Amino acid sequence: MQTALQKSASIRSGAFKPAATNAHISRRAAVRVSAKKTDAASAGTDVGAAGLAAIAAGLVANPVMLFSEYTLKTTGEGIPPGPGGLYGALEGVSYLVVLGIIGWSIATKLRTGSGLPAGPSGLLGAVEGFSYLSLLGAIVVFGLTFLEKGGLPGIFG
């Protein structure tokens, strides 16, 4: 039996050898590891039908929302109703789609610790980021309009 002092001295003198490591990995194990990496990488692109719908809706809704914000800032009013109220309806639905994407993103962040998956070609992640920027723009424009006019058109003034 060695005392703690003798063990310490033998470690310093080079007599200590670390435990053997598995430097040799069989070809079979290497194949299994690479197969797992491929499966994990493809999992981020499979977002299902809801993800594809969010991509399609978000790619339309974000530019409409940003145009609505621009129109509100420059004219003091939102997008005109258009034929049969079509443009106004598109504007309202766009705000709801963007809020829905942000809500989904926040719920996913709380549940998993990360945001939405990137999706195919990173489109879902792009739509998510674009939605947050659209929301930030809305907060700024709504705030400025409220300060300048004392309210928002159709809501408070």
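## Burial and overall make-up

Of the 157 residues in the protein chain, 23% count as buried. The model is a predicted one, and the surface that the chain exposes comes to about 10700 Å². Carbon and sulfur atoms supply 68% of that exposed area.

The secondary structure is simple to describe: the chain has five helices and zero strands. Read from the N terminus, the order of elements is α-α-α-α-α. As for how the chain meets itself, take the contacts with a separation of 6 or more: 66% of them join residues 24 or more positions apart.

## Helix H4

Let's turn to helix H4, which covers residues 86–112 and so has 27 residues. From its first C-alpha to its last, H4 reaches 38 Å, close to the 39 Å expected at 1.5 Å a residue. After the helix comes Gly 113, with a positive phi near 90°.

The buried residues of H4 are Glu 91, Ser 94, Tyr 95, Val 98, Ile 101, Ile 102, Ser 105 and Thr 108. Their cover includes helix H3 (48–75) and helix H5 (123–149).

## Two nonpolar cores

The largest nonpolar core holds seven residues: Val 47, Ala 54, Ile 55, Ile 101, Leu 116, Leu 124 and Val 127. H3 and H5 are the elements that give two or more residues to this core. Another core, of six residues, lies apart from it, and its members include Ala 61, Met 65, Tyr 95 and Ile 102.

Helix H4 has buried residues that appear in these lists: Ile 101 is buried in H4 and belongs to the largest core, while Tyr 95 and Ile 102 are also buried in H4 and are among the residues of the six-residue core.

Ile 55 is a good place to look inside the largest core. Setting aside neighbours within four places in sequence, Ile 55 is in contact with Pro 120, Leu 123, Leu 124 and Val 127. Of these partners, Leu 124 and Val 127 are listed in the largest core too.

## A salt bridge between H3 and H5

Side chains of opposite charge can pair when their charged atoms come close. A search of the whole structure finds one salt bridge. Lys 73 and Glu 148 form it, with their closest N and O atoms 2.9 Å apart. Because Lys 73 lies in helix H3 and Glu 148 in helix H5, the pair ties together parts that are 75 residues apart in sequence.

How accessible are the two partners? Lys 73 has 34% relative accessibility, so this residue counts as partly exposed. Glu 148, at 53%, counts as exposed, because the cut-off for that class is over 50%.

Definitions and conventions: Residues are numbered from 1 along each chain as its sequence is written. This is a predicted model: local features need pLDDT of at least 70, side-chain atom pairs count only at pLDDT 80 or more; totals for chains, interfaces and linings use all residues. Side-chain values use heavy atoms; hydrogens and water are left out. Helices (H or I, at least four residues) and strands (E, at least two) are DSSP runs, numbered from the N terminus. Buried means under 20% relative accessible area, exposed over 50%, partly exposed in between (1.4 Å probe, protein chains only). Contact means heavy atoms within 4.5 Å. A nonpolar core is a set of buried Ala, Val, Leu, Ile, Met, Phe, Trp, Tyr and Cys residues joined through side-chain atoms within 4.5 Å. Accessible areas come from the Shrake-Rupley method with a 1.4 Å probe; for residues, only the protein chains shown count as cover. A salt bridge is a side-chain nitrogen of Lys or Arg within 4 Å of a carboxyl oxygen of Asp or Glu.
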